[in-house]
Amino acid sequence: MPQLAAFPKAFMQALCKDGTMQVSEWINLAVKLDIDGLEWYAGFLEMTDKSNWSRFRQEVEDHGKVIPMLCCSPDFTHPDAAFREKEIEKQKNWIDMAYTLGSSYCRVLSGQRRPELTIKEGINLAARSIEACLPYAQERGITLILENHYKDDFWEYPEFAQKMDVFWDLVQQVQHPNFGINYDPSNAYLAGDDPLELLRLVARRVVTMHASDRYLIEGTLEDLRKEEGGAAGYAKRLRHGEIGKGLNDYDAIFTELKQVGFNGWISIEDGVEGMDQLERSVTFLRRKIAEYWD
């Protein structure tokens, strides 16, 4: 049966930018939920001190939880080779972080969708950079997971491999036992794709999942397209919503995942309106997991 984790989507600014929340505060909030683990983010301010890595792992494990997944955002599509080499070294450092935290999975991305990049160039740069990290990950028992991503909170441009055809081309370029997919159904909508069509295409390589529901507080997806590049972070019209109340069909998603034998971690990206909202999302997913995997 899949296990459930939670990600501090509502507290990214506080944990990563202004320091108004301590990581231990997030741990104490999250462990009260009916979850099995806490997904981590490499950009937490306190993670710059390596002595905190094992300390936070111990704090989480003292509550009977684990840290299964480390969320990282390497930028492998920069045209400068020296820049990409630094990103590869960053990713290796994050692999070390994941290992110390006791994680099995460490996210990778393609990089930013810079206007000057062709599709072929971007796929080649991203694939070669990911491949450069895989032996290092394999030595430490870590699986690198590529997400069909929208945009890192702190990036200027959206994900290069945001759209389904580009994402699948990149996935096919990388064949390694320590490489898989982190599937996020909401991000497919933002790419203009059908999340179920994407899942049917990639399902057998999905090893983890982000559970989320997104909505636009105003305007259309076309309006979003016009403002998603050239400014750091998400477009202001975009919001994470309570899981089970958005556009995603979790019955269809879980039917497909069960059919291909999925048994990995599902991490919740929710709670932007408070911990009560996150708790309702946990309850919804627990019920659905039991329904499909029991």
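Colleague: In which sense, left-handed or right-handed, does helix α2 pass helix α3?

Modeller: The crossing of α2 past α3 is right-handed. The term means that the near helix is turned clockwise from the far one by less than a right angle, an anticlockwise turn being left-handed. The model is predicted: local features need pLDDT of at least 70 and side-chain atom pairs count only at pLDDT 80 or more, while totals for chains, interfaces and linings use all residues. Residues are numbered from 1 along each chain as its sequence is written, and side-chain values use heavy atoms, with hydrogens and water left out.

Colleague: Why is α2 called roughly parallel to α3?

Modeller: Helix α2 (residues 23-30) and helix α3 (residues 51-62) pack at about 20°, their axes being 10 Å apart. That angle makes α2 roughly parallel to α3, since the term covers angles under 35 degrees (over 145 is roughly antiparallel, 65 to 115 roughly perpendicular, the rest oblique). The axes are lines fitted to C-alpha atoms, for helices over the stretch in contact, and the angles run from 0 to 180 degrees between N-to-C directions. Helices here are DSSP runs of H or I with at least four residues, strands are runs of E with at least two, and both are numbered from the N terminus.

Colleague: Which residues of α2 and α3 meet?

Modeller: On α2 they are V23, S24 and I27, which meet R55, F56, E59 and V60 of α3; contact means heavy atoms within 4.5 Å. By class, four are nonpolar, one is polar and two are charged. Ala, Val, Leu, Ile, Met, Phe, Trp, Tyr, Cys and Pro count as nonpolar, Asp, Glu, Lys and Arg as charged, and the others, Gly among them, as polar.

Colleague: What makes α10 oblique to α11?

Modeller: The axes of α10 (residues 250-259) and α11 (residues 275-293) come within 10 Å and cross at roughly 45°. This value makes the pair oblique. The passage of α10 past α11 is a right-handed crossing. Their contact comprises eight nonpolar, one polar and four charged residues.

Colleague: How do you know whether K288 of α11 is buried or exposed?

Modeller: K288 has a relative accessibility of 11% and therefore counts as buried; that term means under 20% relative accessible area, exposed means over 50%, and partly exposed lies in between (1.4 Å probe, protein chains only). Beyond its neighbours within four places in sequence, K288 is in contact with D251 and F254.

Colleague: Why is D169 called partly exposed?

Modeller: Its relative accessible area is 37%, so D169 is placed in the partly exposed class. D169 belongs to helix α6 (residues 164-173). Its C-alpha atom is 9.8 Å from that of I119, 50 residues apart along the chain.

Colleague: How do you know that β8 is paired with β7 and β11, and why do such bridges count?

Modeller: Two strands pair if DSSP finds at least two bridges between them. Strand β7 (residues 179-183) is joined to β8 by three bridges, and β8 is joined to β11 (residues 265-269) by four; both pairings are parallel. Y183 has M209 as its bridge partner in β8, while H210 has S267 in β11. Of the six residues of β8 (206-211), five are buried.

Colleague: What makes β2 and β3 the edge strands?

Modeller: The open sheet has nine strands in the order β2-β1-β11-β8-β7-β6-β5-β4-β3, with parallel pairing. Strands β2 (37-38) and β3 (40-41) each pair on one side only. The partner of β3 is β4 (residues 69-71), over two bridges in the parallel sense, with Y41 opposite C71.
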